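Colleague: I am new to reading protein models and would love a close look at a single part of this one. Could you pick a spot and walk me through its surroundings step by step?

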Amino acid sequence: MTERRRFIQVIVGTRHVGKSTMVSQFMDDLSMPHLSFSADDVDKTDAQWISQCWSAVRATMHVKKYDQCIQIIDEIQKISNWSETVKKEWDHDSGDAGLNPRLKPTCCQYDYDIFYGENAMMRSIS
């Protein structure tokens, strides 16, 4: 987490293997500001909800004068077109305007039963 911001961390694995617990325990051990969101009860067509999460992190960083913050979005796969929205927000913060170049990697946790059927795994995507 001390690296410069380059990747989004995605935690994938079958249902009920402890992905959310692992992320929670990791964040408890890491003394870095973070905000967690869950898409469990979000309408699957509400991709704007992801942008609202990003805005909440930006606002929190500004108000609390954090120089870095980790955003965690649990069950993000439940939102249609989630990857396009994440890319848009990531690019917004990474571009020339770069409002929050210290917004640390977004951690998206989701169940990934189809392609990875055995164990939870962590992958980096850009």
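**A walk from a helix to a strand**

Modeller: Happily! Let us begin at Ser20, which sits in helix H1, the stretch covering residues 19-29. Please keep in mind that this is a predicted model. Ser20 counts as partly exposed, because its relative accessibility is 35%. Now look across to Ile72: the two residues are 52 positions apart in sequence, and their C-alpha atoms are 9.9 Å apart in space. That takes us to the part I would like to show you closely, strand E3, which covers residues 70-74.

How many of the residues of E3 are buried? Five of the five are, so E3 is largely enclosed by the rest of the structure. It helps to know that in a regular strand the side chains alternate between the two faces of the sheet. In E3, Ile70, Ile72 and Asp74 are on one side, while Gln71 and Ile73 are on the other, and all of these residues are buried. Both faces of the strand are therefore covered, as buried here means under 20% relative accessible area.

Next, the neighbour of E3. Strand E2, residues 34-38, runs parallel to E3, and five bridges join the two strands. You can follow two of these pairings by eye: His34 has Ile70 as its bridge partner in E3, and Ser36 is partnered by Ile72. Ile72 is thus a handy landmark, being the residue we reached from Ser20.

What do E2, H2 and E3 make? Together they form a right-handed β-α-β unit. Helix H2 spans residues 48-64 and has the highest confidence in the protein, with a mean pLDDT of 91.

There is a nice detail inside this unit. The structure holds one aromatic pair. It is formed by Phe37 and Trp49, whose ring centres are 6.5 Å apart and whose planes stand at 90°, so the pair is edge-to-face. Phe37 belongs to E2 and Trp49 to H2, so the pair ties together parts that are twelve residues apart in sequence. Trp49 itself counts as buried, because its relative accessibility is 14%.

Cysteines are worth a look too. A disulfide is a covalent bond between the sulfur atoms of two cysteines. A search of the whole structure finds zero disulfides. Cys53 counts as buried, because its relative accessibility is 2%, and Cys69 counts as buried because its value is 0%.

Now step just past E3, to Glu75, in the loop that leads from E3 to helix H3, residues 82-94. Glu75 has a positive phi of about 60°, although it is not a glycine. His16 also has a positive phi, of about 65°, and it is not a glycine either. His16 is found in the loop between strand E1, residues 8-13, and H1. Are these two residues buried or exposed? Glu75 is buried, because its relative accessible area is 11%, whereas His16 is exposed, because its value is 72%.

Finally, let us step back to the whole protein. There are three helices and five strands, and along the sequence they follow the pattern β-α-β-α-β-α-β-β. Of the 126 residues, 40% count as buried. Among the contacts with a separation of 6 or more, 83% are between residues 24 or more positions apart.

How far can you trust all this? The mean pLDDT of the protein is 75, and 70% of the residues reach 70 or more. Confidence is lowest in strand E5, residues 121-125, where the mean is 39. Over residues 109-126 pLDDT stays under 50, although the model has 56 contacts for them beyond four places in sequence. Where pLDDT is low, the predicted coordinates should not be read in detail.

Note on methods
Residues numbered from 1 in each chain as written. Predicted model: local features only at pLDDT ≥ 70, side-chain atom pairs only at ≥ 80, totals over all residues. Heavy atoms only, no water. pLDDT = per-residue confidence, 0-100. Helix = DSSP H or I, 4+ residues; strand = E, 2+ residues; numbered from the N terminus. Contact = heavy atoms within 4.5 Å. Phe/Tyr/Trp six-rings, centres within 6.5 Å; stacked < 30°, edge-to-face > 60°. Buried < 20%, exposed > 50% of the residue type's maximum accessible area, 1.4 Å probe, protein only. Pairing = 2+ DSSP bridges. Right-handed = clockwise from strand over helix to strand, strands pointing away. Disulfide = S-S within 2.5 Å.
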